[in-house]
Amino acid sequence: MKYLVIFLFLFTQASLAQRSATKPNVIIINMDDMGYGDTEPYGMTGIATPNFNKMAQEGMRLTHFNAAQAVCSPSRAALLTGTYPNRLGLAGALMPWAEIALNPAEETIASLLKKNGYTTGMLGKWHLGSKAPYFPIHYGFDSFYGIPYSHDMWPVDYDGNPAKAGTPQFKYPVLPILEGDKTIGNIQNLAEQGEFGGKLTKRAVDFIAKNQQKPFFLYFAQPMPHVPLAASAKFKGKSGIGLFGDVIMELDWTIGEIIKTLDQYKLSENTILIVTSDNGPWLRFGNHAGSSGGFREGKGTTWEGGTRVPCFIRWKGKVQAGSIFSGLLTNMDILPTVMKLSGSTLPKERIDGIDFSSVLLGKTIKSPRDVFYYYYDTNNLKAVRYQNWKLVLPHATQSYVAGVLGKDGQNGTTPVINVPMALYDLAHDPGETYDVQNQYPEMVKKIMVYVEQARADLGDDLTKNKGANRRKPAVVNK
């Protein structure tokens, strides 16, 4: 009997070790509107972020990581499918009454990992379909608890008061809380919204504890720091720099709770933990918005402030602690990388993400990605990056610099301006200030080849190109 017990123990340990080598757990925490400069490792001043710091100290910090588009729904589609969102027919932030959704035929990180034996769960903000059956449990997630779209899509003004007739907010329905497909409650005011983040964090901790003995994938789409800002009673007034600082402190606490739970159950060496953001800061809200870290403009633009976002990756014993990677990468690249590291299959349909597992594991210092297309609006190609060069194409764009910033939750103004063609060398000019197209005509010519490839493949409304390889979103029945 003694030997049987020893054998079973050793067999169990060997099985766990084998699973560790082939099926690491995966957690993606996707912040909403967190700017590049909103944590200490990326330049935040005035507030300590010890747990974001710990992510940087114990993992890798990416400094040229871009969201595929500078707005909620397309960025989230890109992350989960590894595909340019305009290839999927998605654009803009989907409204509660949206007539389209992410096509359920698209394979997601969740559905691919589920095929490989993973338990999959999602918490937080979905924003890829506004009614059943276009909620997460129809896209590979075993469970979902959260909200269907952004928490400013409700009949409450940004100052927290009930919306008045005739105001933009008045048209929205009450913000539902979903469990699977079912509405189980509502968020009706800022106080309830402030406590929602803590509920999500507790659910995340419980999910990890419940599934610690089997491979799992958790997608935690944190609704903050998107406006309207709300912090729980535990953090309100604690930062000393206002409500935005309080919210960042709470988000930092959430990261700490996840790390602490992984360490408690000895899962840190078998869990890939990724923390990033869906796009840059919504700067027109002034002191209720974050920081682009000095990059030009913010959310809703194709300047670096709109798409360049923080990204931390922690995997103890695999990813070198304290490492920094400055090569070009995007949130589309997470899917193929996770598939490679977990031994899972790639989607059957074409994707645009590129596996960067060799970078993560320290096998190379060169990025597998050279090119990134900056699309916005319905399908406007506004810029193309090649390595450290960025060619901005003539287009119209909203501009925070040309407008007036809001304060204390009030909305600012963002007039539309016309932008001429320009070439920027991001290695010497990360703020996109100095146009050097006349000094480097050969680089303009080289990047224009990629521009024409993008137009032929994905289309470009600015030049009336339809694109040969776009797929259709789901059409939602009214």
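**Sorting the residues.** In these legends, Ala, Val, Leu, Ile, Met, Phe, Trp, Tyr, Cys and Pro count as nonpolar, Asp, Glu, Lys and Arg as charged, and the others, Gly among them, as polar. This is a predicted model, where local features need pLDDT of at least 70 and side-chain atom pairs count only at pLDDT 80 or more, while totals for chains, interfaces and linings use all residues. Residues are numbered from 1 along each chain as its sequence is written, and side-chain values use heavy atoms, with hydrogens and water left out.

**View 1. Here is the largest cavity, with about 130 Å³ of space inside.** A cavity is a set of points on a 1 Å grid over the protein atoms alone where a 1.4 Å probe fits but cannot get out, and lining residues have an atom within 4 Å of a point. Points join across faces, edges and corners, and volume is the space filled by probe spheres set on them. The structure holds three cavities of 30 Å³ or more. In the largest cavity, 16 residues form the lining, and Gln193, Gly197, Gln222, Met224 and Ala230 are the closest to the centre. Helix 5 (190-210) and helix 6 (243-264) are the elements that give two or more residues to this lining; helices (H or I, at least four residues) and strands (E, at least two) are DSSP runs, numbered from the N terminus. By type, the lining residues are nine nonpolar, six polar and one charged.

**View 2. Two cis peptide bonds can be found in the loop between strand 9 (216-221) and helix 6.** Look for Met224 again, because you met this residue in the cavity lining. The bond from Met224 to Pro225 is cis, with omega near 5°. Further along, the bond from Val227 to Pro228 is also cis, with omega near 0°. Both Pro225 and Pro228 sit in this loop.

**View 3. Helix 6 is mostly covered.** Of its 22 residues, 16 are buried, meaning under 20% relative accessible area (exposed is over 50%, partly exposed in between; 1.4 Å probe, protein chains only). Just past the end of helix 6, find Lys266, with a positive phi of about 55°.

**View 4. Ile27 and Ile29 touch the most other members of the largest nonpolar core.** A nonpolar core is a set of buried Ala, Val, Leu, Ile, Met, Phe, Trp, Tyr and Cys residues joined through side-chain atoms within 4.5 Å. This one has 54 residues. Among the elements that give two or more residues to the core are strand 1 (25-31), helix 2 (50-58), helix 5 and strand 10 (271-277). Helix 6 provides the largest share, eight residues. A second, separate core has 48 residues, including Leu80, Trp126, Phe144 and Phe356.

**View 5. Glu297 and Asp377 each have a positive phi without being glycine.** For Glu297, phi is about 60°. You will find Glu297 in the loop between strand 10 and helix 7 (304-307). Is Glu297 buried or exposed? At 7% relative accessibility, Glu297 counts as buried. Asp377 has phi near 60° and belongs to the loop between strand 14 (371-376) and strand 15 (380-386). Asp377 is partly exposed, with a relative accessible area of 35%.

Notes. 1 Å grid on protein atoms, 1.4 Å probe; cavity = no way out; pocket = protein on both sides within 12 Å on 5 of 7 lines; lining within 4 Å.
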